[in-house]
Amino acid sequence: MNPADLPRTVAHAVRCAVEDGELGGIPPERVVVERTRPGGVGEYASPVAFQIAKGARMRPADVAAVLARRLGGVPGIERVEVTGPGFVNFVLPALSAPRIIASVTAPRPGPIAPVGGTPGLRERAVREAVVRIQRTQGRRDDTPAAPPAAAPLAGRDGDVLARYGAGAVLWAVLAVPARETPEFSDRLLVQGEDSEFFRVRYAHARSRALLRNARDLGFGPAAGEVDDAPALLRVLADHPLVLEAAAHHRAPERLARHLVELADALLDFQYRVLPQGDEKPSAAHRARLALAEAAGTVLAGGLALLGIDAPERL
């Protein structure tokens with residue numbers, strides 16, 4: 001099972017528990033599953049028990065115990081545990097590169113209708129990013145419910161745009177929670193590893209360069225197992241969950257932080273993609289190239305959701 005399958009699996013378990021009379025209330029339309037925080041139990045966790053405890057007239061821990069019993073026997077889940085006051089935690093089998101590649105497609109944000117009013121640059125950027133991210137989860141209206149209040153930029157919007165450019169400004173205002181004041185400095189303009197904005201776009205450009213270089217060597221990507229990219233596989237596997245959580249919390253900064261993590265994992269992995277020296281292209285090289293291509297596609301799609309372009313060359 002891919003991590004992206006967990007929300008649907010948990011939602012199905014809730015519905016079945018309600019239908020069978022183990023739980024009362026109304027099942028939630030959506031279930032959020034997120035990667036466990038450092039020091040937590042398992043790899044992924046869901047607070048779903050807290051969502052339904054009141055309607056079920058049960059303690060969250062008791063609701064979680066019901067769900068853990070049901071989910072413990074689901075194929076593709078190694079272990080389910082209840083922790084704290086009612087969190088449901090999961091351990092999954094080893095990640096499969098072909099399945100992860102198949103599960104992460106680039107979202108197509110499309111044009112966005114005006115959100116109404118004349119908000120400042122930052123408020124507009126946050127609202128429009130939230131709309132795009134919510135669309136990936138099937139929401140089609142153009143005004144997110146209760147959009148997050150955004151702290152305004154210091155100084156005039158036009159001055160900031162003129163100094164740093166639209167892409168860098170969008171990154172600065174969307175990479176931190178809306179309630180926090182974004183930091184503007186010349187680091188945004190740095191073409192090096194000190195700039196997260198540069199690293200994310202550069203990682204995308206590197207993925208495209210790898211494809212061009214492989215083509216020159218006479219081979220292309222082909223999905224297969226990759227055993228030397230655990231960090232990249234994990235971050236890619238988390239991508240659908242990050243989008244779900246960013247939409248649920250109306251928090252584009254969650255997507256921005258994820259793109260940084262993905263970019264860093266890809267930049268570390270890039271040196272193992274192409275043949276070295278006298279090596280001939282092999283199935284392993286093709287599988288690594290497919291993984292790098294998928295990572296680049298996700299980076300481009302994620303930047304598009306934030307309203308930022310992803311050049312093929314930097």
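This is a short walk through a predicted model, from its sheet to its cores and its largest pocket.

Start with the sheet. Strands of a sheet pair through backbone hydrogen bonds, and the pairing can be parallel or antiparallel. Here the sheet is open, has 4 strands and pairs in the antiparallel sense. Its strand order is 1-2-4-3. Two strands sit at the edges: strand 1, residues 34-35, and strand 3, residues 79-83. Each of these edge strands pairs on one side only.

Now follow strand 3 to its partner. Strand 3 pairs with strand 4, residues 87-91, through 5 bridges, and the two are antiparallel. You can pick out facing residues. E81 stands opposite N89 of strand 4. V82 stands opposite V88 of strand 4. Strand 3 and strand 4 form a hairpin with 3 residues between the strands. Look for G84 in this hairpin: its phi is positive, near 55°.

Strand 4 has a second partner. Strand 2 pairs with strand 4 over 3 bridges, again in the antiparallel sense. How enclosed is strand 4? Of its 5 residues, 4 are buried, so strand 4 is largely enclosed by the rest of the structure.

Next, zoom in on one residue, S46. S46 belongs to strand 2, which covers residues 44-46. Its bridge partner in strand 4 is V88. Is S46 buried or exposed? S46 counts as buried because its relative accessibility is 0%, and buried means under 20%. The side chain of S46 also reaches a backbone atom, the nitrogen of V48, at 3.2 Å. What else does S46 touch? Leaving out residues up to four places away in sequence, S46 touches V31, V32, V33, F87, V88 and F90.

Turn now to the nonpolar cores. The largest one has 64 residues. Those with the most contacts inside this core are W171, L232, L236, F269 and L291. Several helices each supply at least two of its residues, including helix 4 (97-103), helix 8 (196-216), helix 9 (230-249) and helix 10 (252-269). Which helix gives the largest share? That is helix 11, with 11 residues. Helix 11 spans residues 283-305.

Take L291 as a sample of this core. Beyond residues up to four places away in sequence, L291 touches I101, V226, A229, L232, L233, L236 and F269. Another core lies apart from the largest one. This other core has 28 residues, among them V48, A56, V66 and L92. You have met V48 already: its backbone nitrogen is the atom that the S46 side chain reaches.

Finish at the largest pocket. About 470 Å³ of space lies inside this pocket. Its lining has 17 residues. Which of them lie nearest the pocket centre? They are E34, R35, V242, R254 and E261. Strand 1, helix 9 and helix 10 each supply at least two lining residues. Two of these elements also appeared in the largest core: helix 9 and helix 10 each give at least two residues there. Strand 1 takes you back to the sheet, where strand 1 is an edge strand.

How values were computed. Residues numbered from 1 in each chain as written. Predicted model: local features only at pLDDT ≥ 70, side-chain atom pairs only at ≥ 80, totals over all residues. Heavy atoms only, no water. Buried < 20%, exposed > 50% of the residue type's maximum accessible area, 1.4 Å probe, protein only. Polar contact = N/O pair within 3.5 Å; in protein donor to acceptor, adjacent residues only side chain to side chain. Contact = heavy atoms within 4.5 Å. Pairing = 2+ DSSP bridges. Core = buried A, V, L, I, M, F, W, Y, C linked by side-chain atoms within 4.5 Å. 1 Å grid on protein atoms, 1.4 Å probe; cavity = no way out; pocket = protein on both sides within 12 Å on 5 of 7 lines; lining within 4 Å. Points joined across faces, edges and corners; volume = space filled by probe spheres on them.
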